[in-house]
Amino acid sequence: MSKTWKLDGPDGKQYASAVPGTLGGHRRNRIYGRLDCPAALRAIARGGYVTNRVFFSTSEDARAAGYRPCAVCLPGAYTTWKAQQDGVSETRPVRDSLRQLSTRRRHPQNHG
Ligand SMILES: [Zn+2]
């Protein structure tokens, strides 16, 4: 028995794997998710999805190939991914407020 599975690698190129993929993806939409994803299964049942169906060994491969996590079946990964997309410009230093620590000088009372 030497069955092989066609998976997509991190470079987006297909290769033959001796073990089946753990994640499915949609080539056109650039989304990956679980093999039993309800959204994907619905799309497959409707037809039209299968021709764009790809498989990945790991989520790292999928991410490297430019796919994003499915919000339906991978909500945790999707949230992380979303935060990374939004948070790119948020590299503001927070420590600055510590600078104005209490270098409080008591103001001298001017007795003449
Ligand atoms: Zn999904």
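Let's start with Val54, which touches Asp8, Gly25 and Arg27 once residues up to four places away in sequence are set aside. Keep in mind that we are looking at a predicted model.

Val54 also belongs to the largest nonpolar core. That core has 12 residues in all: Leu7, Leu23, Ile31, Tyr32, Val54, Phe55, Phe56, Ala62, Tyr67, Cys70, Cys73 and Leu74. Which strand gives the most to this core? That would be β5, with three residues. Both β4, residues 31-34, and β5, residues 53-56, supply at least two residues each. As a general point, nonpolar side chains in soluble globular proteins tend to be buried together.

Now let's zoom out for a moment. The protein has three helices and six strands, and from the N terminus on they run β-β-β-β-α-β-α-β-α. Buried residues make up 18% of the 112 residues. For those of you who like contact maps: among contacts with a separation of 6 or more, 62% are between residues 24 or more positions apart.

On to the strand pairing, beginning with β1 and β2. These two run antiparallel and are joined by four bridges, and core residue Leu7 stands opposite Tyr15 in β2. The hairpin they form has five residues between the strands, and there Gly12 takes a positive phi near 80 degrees.

Let's stay with Gly12, in the loop between β1, residues 5-8, and β2, residues 14-17. Is Gly12 buried or exposed? Neither label fits: it has 15 C-beta neighbours inside 10 Å, so Gly12 counts as partly exposed. Leaving out residues up to four places away in sequence, Gly12 touches Ala65 and Gly66. There is also Ala62, 50 residues from Gly12 in sequence, yet with a C-alpha to C-alpha separation of 8.0 Å.

The next hairpin is β3 with β4. Strand β3, residues 23-26, runs antiparallel to β4, and four bridges join the two. The bridge partner of Leu23 in β4 is Arg34. This hairpin has four residues between its strands, and Arg30 takes a positive phi near 60 degrees.

Strand β4 has another partner, β6, residues 68-69. Here the strands run parallel, with two bridges between them, and Ile31 stands opposite Arg68. So far as the core goes, Ile31 is one of its members, as is Leu23 from the β3 side.

Following the chain out of β4 brings us to Leu35, in the loop between β4 and α1, residues 38-46. Leu35 has 13 other C-beta atoms within 10 Å, so it is partly exposed. Beyond residues up to four places away in sequence, Leu35 touches Leu23 and Gly24. The C-alpha atoms of Leu35 and Thr22 are 6.8 Å apart, with their positions 13 residues apart along the chain.

Last stop, helix α3, residues 75-86. How many of its 12 residues are buried? The number is zero, so α3 lies largely in the open. We can check its geometry as well: at 1.5 Å a residue, a helix with the 12 residues of α3 should span 16 Å, and its end C-alpha atoms are 16 Å apart, which agrees.

To wrap up, come back to where we began: Val54 sits in the 12-residue core, and its contacts include Asp8, Gly25 and Arg27. Thanks, everyone, and happy to take questions!

Terms used: Residues numbered from 1 in each chain as written. Predicted model: local features only at pLDDT ≥ 70, side-chain atom pairs only at ≥ 80, totals over all residues. Expected span 1.5 Å × (residues − 1). Buried ≥ 20, exposed ≤ 12 C-beta atoms within 10 Å, placed from the backbone. Contact = placed C-beta atoms within 7 Å. Core = buried A, V, L, I, M, F, W, Y, C linked by C-beta atoms within 7 Å. Pairing = 2+ DSSP bridges.
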